Amino acid sequence: MQLTLYYHPLASYCHKVLIALYEHGAQFERRIVDLGDERDRAELAAIWPFVRFPVIRDHERKRDVAESATIIEYLDHYQNGAGKLVPSGWEAALDARHWERFFDHYVQTPVQAIVQDRLTGRNGDTSRERTMLATAYRLIDQRMAGRQWIAGEFSMAECSAAPALFYAATLEAIPEGMSHLSAYFERLMARPSVQRVLAEARPYFPMYPFAEAIPARFLEG
């Protein structure tokens, strides 16, 4: 197999790369990494010393690629999928990259902080993170008025948006008045690549600290 993905099926940044792989119809080998296992950690550390996933190993080109956004750019360059996840025009590409960063920094990051707080049992003050999510929701809702996807065609921004919003919605429900955001969320969840990622994650959902907040429709299959 040309590509090996080092990942975990529950991790949002791994979902981001999996969506890109499925959008391209790429063939790859899966290597699930258990960070609690010393041998798994050592194997990942030998590839990426920060011991963070996802990482792609390209056996043909003898190259390892880390960081989800970089991996998506790499796949977009070398894979021959039905459509590019980074638009060809400079302005459109800048827009897609901007929103990809937006979802990582202003949705994924506060989600991870809240989840980590529960995992560690600190019961700290997460009001700052929840306020950040509320602000992000408002900006996405405004952006999505009259749009199908956030940066033109389905792009790397959606690869980030889908897992970010899926987990964020288990922490802070999308307000009823935000119809544009709600419709965008439903389009994301209906995307075949996203449905496949969530179906593969389903057996691992009980490990998620807020598993009780995952809607029943995502637990059935």
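Reader: Let's start with Ser-68: is Ser-68 buried or exposed?

Author: Ser-68 is buried, because its relative accessible area is 7% and the cut-off for buried is under 20%. Keep in mind that this is a predicted model.

Reader: Where is Ser-68 found, and which residues does Ser-68 touch?

Author: Ser-68 is in helix α3, which covers residues 68–78. Leaving out residues up to four places away in sequence, Ser-68 has contacts with Tyr-13, Lys-16, Val-17, Pro-54 and Asp-104.

Reader: Pro-54 is on that list. What is the peptide bond from Phe-53 to Pro-54 like, and how should I read backbone features of this kind?

Author: Happy to help. Most residues other than glycine have a negative phi, and most peptide bonds are trans. Here the bond from Phe-53 to Pro-54 is cis, and its omega is near 10°. Pro-54 belongs to the loop between α2 (38–47) and β3 (55–58).

Reader: Which residue in the loop between α2 and β3 has a positive phi?

Author: Val-51 does: its phi is about 55°, although Val-51 is not a glycine. Val-51 lies in the loop between α2 and β3. Val-51 also counts as buried, because its relative accessible area is 14%.

Reader: And what about Glu-67: what is its phi, and where does Glu-67 lie?

Author: Glu-67 has a phi near 75°, again a positive value in a residue other than glycine. Its place is the loop between β4 (63–66) and α3. Glu-67 counts as partly exposed, because its relative accessibility is 43%.

Reader: Now the interior. How do I read a nonpolar core, and how many residues does the largest one have?

Author: The general idea comes first. In soluble globular proteins, nonpolar side chains tend to be buried together. In this model the largest nonpolar core has 68 residues, and Phe-103, Ile-140, Leu-165 and Tyr-184 have the most contacts inside it. The elements that give two or more residues to this core are β1 (3–7), α1 (12–24), α3, α4 (90–120), α5 (127–143), α6 (156–171), α7 (179–190) and α8 (192–201). The largest share, eleven residues, comes from α6.

Reader: Take Ile-140 as an example. Which residues does Ile-140 touch?

Author: Not counting residues up to four places away in sequence, Ile-140 touches Phe-102, Phe-103, Val-107, Ile-150, Leu-165, Leu-181 and Tyr-184. There is also a second, separate core of seven residues, which includes Tyr-6, Ile-47, Val-55 and Ala-66.

Reader: How many disulfides are there, and how far away is the nearest cysteine sulfur from that of Cys-14?

Author: The count comes to zero disulfides. A disulfide needs a pair of cysteine sulfur atoms within 2.5 Å, whereas the sulfur nearest to that of Cys-14 belongs to Cys-159 and is 13 Å away. Cys-159 is likewise in no disulfide. As for exposure, Cys-14 is buried because its relative accessible area is 0%, and Cys-159 is buried because its value is 0%.

Reader: Last topic: helix packing. What angle do α7 and α8 make, and which residues make the contact?

Author: Two packed helices are described by the angle between their axes and the distance between the axes. For α7 and α8 the angle is about 70° and the axes are 5 Å apart, so α7 is roughly perpendicular to α8. On the α7 side the contact is made by Leu-188, Met-189 and Ala-190, and on the α8 side by Pro-192, Val-194, Gln-195 and Leu-198. By class, this contact has six nonpolar residues, one polar residue and no charged residues.

Key:
Residues numbered from 1 in each chain as written. Predicted model: local features only at pLDDT ≥ 70, side-chain atom pairs only at ≥ 80, totals over all residues. Heavy atoms only, no water. Helix = DSSP H or I, 4+ residues; strand = E, 2+ residues; numbered from the N terminus. Buried < 20%, exposed > 50% of the residue type's maximum accessible area, 1.4 Å probe, protein only. Contact = heavy atoms within 4.5 Å. Core = buried A, V, L, I, M, F, W, Y, C linked by side-chain atoms within 4.5 Å. Axes fitted to C-alpha atoms, helices over the stretch in contact; angles between N-to-C directions. Parallel < 35°, antiparallel > 145°, perpendicular 65-115°, else oblique. Nonpolar A, V, L, I, M, F, W, Y, C, P; charged D, E, K, R; others polar.
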